Amino acid sequence: MANVVKLKNGGAGDNKGSGNDMSVTLPVLHGTVGPDVLDVRALYKNTGKFTYDPGFMSTAACQSGITYIDGDKGELLYRGYPIEQLAEKSSYLEVCYLLLFGELPNRAQLEEFEDTVMDHTMVHEQVATFYHGFRPDAHPMSILCGVTGALASFYHDSTDIHNPRHREVTAYRLIAKMPTLVAMAHKYSMGQPFMYPDNNLSYAGNFLRMMFAVPTKDYEVNPIVEQAMDRIFTLHADHEQNASTSTVRLAGSSGANPFACIAAGVATLWGPLHGGANEAVLKMLQEIKNEKNVPAFIDKVKDKLSDTKLMGFGHRVYKNFDPRAKIMRETCHDVLKELNVSDPALDVALRLEEVALSDPYFIERKLYPNVDFYSGIILRAIGIPTPMFTCLFALARTTGWIAHWMEMIGEPEQKIGRPRQLYTGPVRRDVVPLPKR
Ligand code: ACO
């Protein structure tokens, strides 16, 4: 599997100024598609040097056969299938099956999978007591971090992570229970009773009912909203080695309880540079208020001193349109039409998109709308409060997280993740006794 590349190293980038040239031979590994990687695993052993790559700008942290992104083309493939085709032709649970097991299910496999997942939708009654320990005005992501981690204290029947069957049961439980946990976080913040799952509904339909139904009234799931919800879940299901997935892998690499690892993923997703972006997009659109304020806002974004970003734009990997953003844009229009909602935020968003896409600042930096640019508008139209947006992302991404966790634990050569560092602190020195300092 290995070609050989020779690297000449030396003066430039040698911060000690020693200028000593060095030549190393590194194997090159080839994936099925995408850039080759230099295998530096033996670099320290052979040269006494580490690589330095904060932010993982040039580092493949693992091998994976789950998701492929071509950022220049704007292509996203789950197990080889383009996201556009999956969003159009497959349900979220089909996509979950695909991500977990590598192939799309046939009808019988899908039915069995759906039944199994829907059988696990309830959470232990005691889980409800965790919610009551939180302040009602707590951010739902803080609640979700807590209750997801709390699941680690249940299910003692499947804690052997080296047993493939235990891993599979854990995956079913997580995918099934996440909508219940998210809806409970919403109900708790509203002061409404928790709604039990209804396993006769679809995955998305059940989630909508748990979110919006109350025990005193019948609730009918709107099929257009149900389809939009399902599509939002599909678009967010996985995205290779993003910050939260890498966190889940790193946490899992120590052999930690999988529910605790997913809680770590939830925590990472919360940040505004990651899953918190759609919440931030909506705040930004509300602050801009009106289409006529768009040019002034764009000027502020371009002013490096202002520290203002155009939220929902830009991506570490996509240097072209995020393919998910295109689908989200269409879904956004469908939902607003179906619900007869006219949202000034959408007008501001469309104007921002138009102005930004023709502005050299964004063109030169290859900044395009990402998935979060439209998702917030859809979620708001459906009636989901802004602080809940990231919880929905977490719900959908749970499948990706657990698929990566299963892939990693299943690898025969799996090792604990342990990055090294470029130390810039004080060199060794002696402690001066307190009275003499
Ligand atoms: N608005 C304005 N300028 C931007 C933006 C933006 N949204 N994104 C990047 N830039 C600029 C940077 O200031 C930088 O400019 P410079 O070269 O003059 O210094 C250049 O573009 C490169 O940006 P980086 O920050 O180096 O890009 P990076 O890959 O580190 O960041 C990120 C990617 C975090 C997504 C960034 O584009 C961003 O903050 N976007 C807004 C937040 C957002 O929408 N996040 C959602 C990501 S998608 C997801 O998690 C589902």
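Trainee: Which residues line the largest cavity?

Mentor: Keep in mind that we're looking at a predicted model. The lining of the largest cavity consists of I232, H236, N278, S375, L379, F389, L392 and F393.

Trainee: Which elements give two or more residues to that lining?

Mentor: Those are α9 (223-236), α17 (372-382) and α18 (389-410). With three residues, α18 gives the most to the lining of the largest cavity.

Trainee: And what volume does the largest cavity have?

Mentor: About 40 Å³.

Trainee: How do the residues of its lining divide by class?

Mentor: For the largest cavity you get five nonpolar and three polar residues, with no charged ones.

Trainee: OK, how many cavities of 30 Å³ or more are there?

Mentor: The count comes to two. The second largest cavity holds about 30 Å³ of space.

Trainee: Which residues line the second largest cavity?

Mentor: Look for Y155, S158, T159, T170, N257, P258 and F259. By class, this lining has three nonpolar and four polar residues, and again no charged ones.

Trainee: How does one find empty space like that anyway?

Mentor: You roll a probe the size of a water molecule over the atoms, and that shows where empty space is left.

Trainee: Let's switch to pockets. What is the volume of the second largest pocket?

Mentor: It's about 330 Å³. There are 19 residues lining this pocket, and S91, E114, S202, Y203 and D230 are the closest to its centre.

Trainee: Which elements give two or more residues to the lining there?

Mentor: You'll find α2 (83-89), α3 (92-101), α4 (107-119), α8 (203-212) and α9 in that role. The one that gives the most is α9, with four residues. We met α9 earlier, as an element that also gives two or more residues to the lining of the largest cavity.

Trainee: What about classes in the second largest pocket?

Mentor: Its lining has seven nonpolar, six polar and six charged residues.

Trainee: Now the ligand. Which residues come nearest to it?

Mentor: There are 20 residues around the ligand, and the nearest are L310, G312, R316, Y361 and N370. Sorted by class, this shell has ten nonpolar, five polar and five charged residues.

Trainee: What sits 2.8 Å from an oxygen atom of the ligand?

Mentor: That's a polar side-chain atom of R316. R365 also places a polar side-chain atom by an oxygen atom of the ligand, at 2.9 Å. As for L273, a polar backbone atom of this residue is 3.4 Å from a nitrogen atom of the ligand.

Trainee: And how much of the ligand's accessible area does the protein cover?

Mentor: On its own the ligand has 920 Å² of accessible area, and the protein covers 74% of that.

Trainee: Last topic, the sheet. What order do the strands have in the open sheet of three strands?

Mentor: The order is β4-β5-β6, and the pairing is antiparallel.

Trainee: Which ones are the edge strands?

Mentor: They are β4 (67-70) and β6 (81-82), each of which pairs on one side only.

Trainee: How many bridges join β5 to β6?

Mentor: Two bridges do that, and β5 covers residues 75-78. To find the spot in the structure, start at L77, which stands opposite P82 in β6.

Note on methods: Residues are numbered from 1 along each chain as its sequence is written. This is a predicted model: local features need pLDDT of at least 70, side-chain atom pairs count only at pLDDT 80 or more; totals for chains, interfaces and linings use all residues. Side-chain values use heavy atoms; hydrogens and water are left out. On a 1 Å grid over the protein atoms alone, a cavity is a set of points where a 1.4 Å probe fits but cannot get out, and a pocket is an open set with protein on both sides within 12 Å along at least five of seven lines; lining residues have an atom within 4 Å of a point. Grid points are joined across faces, edges and corners, and a volume is the space filled by probe spheres set on the points. Ala, Val, Leu, Ile, Met, Phe, Trp, Tyr, Cys and Pro count as nonpolar, Asp, Glu, Lys and Arg as charged, and the others, Gly among them, as polar. A residue is near a molecule or strand if one of its heavy atoms lies within 4 Å of it. A polar contact is a pair of N or O atoms within 3.5 Å; within protein, one must be able to donate a hydrogen and the other to accept it, and residues adjacent in sequence count only if both atoms are side-chain atoms. Accessible areas come from the Shrake-Rupley method with a 1.4 Å probe; for residues, only the protein chains shown count as cover. Two strands pair if DSSP finds at least two bridges between them.
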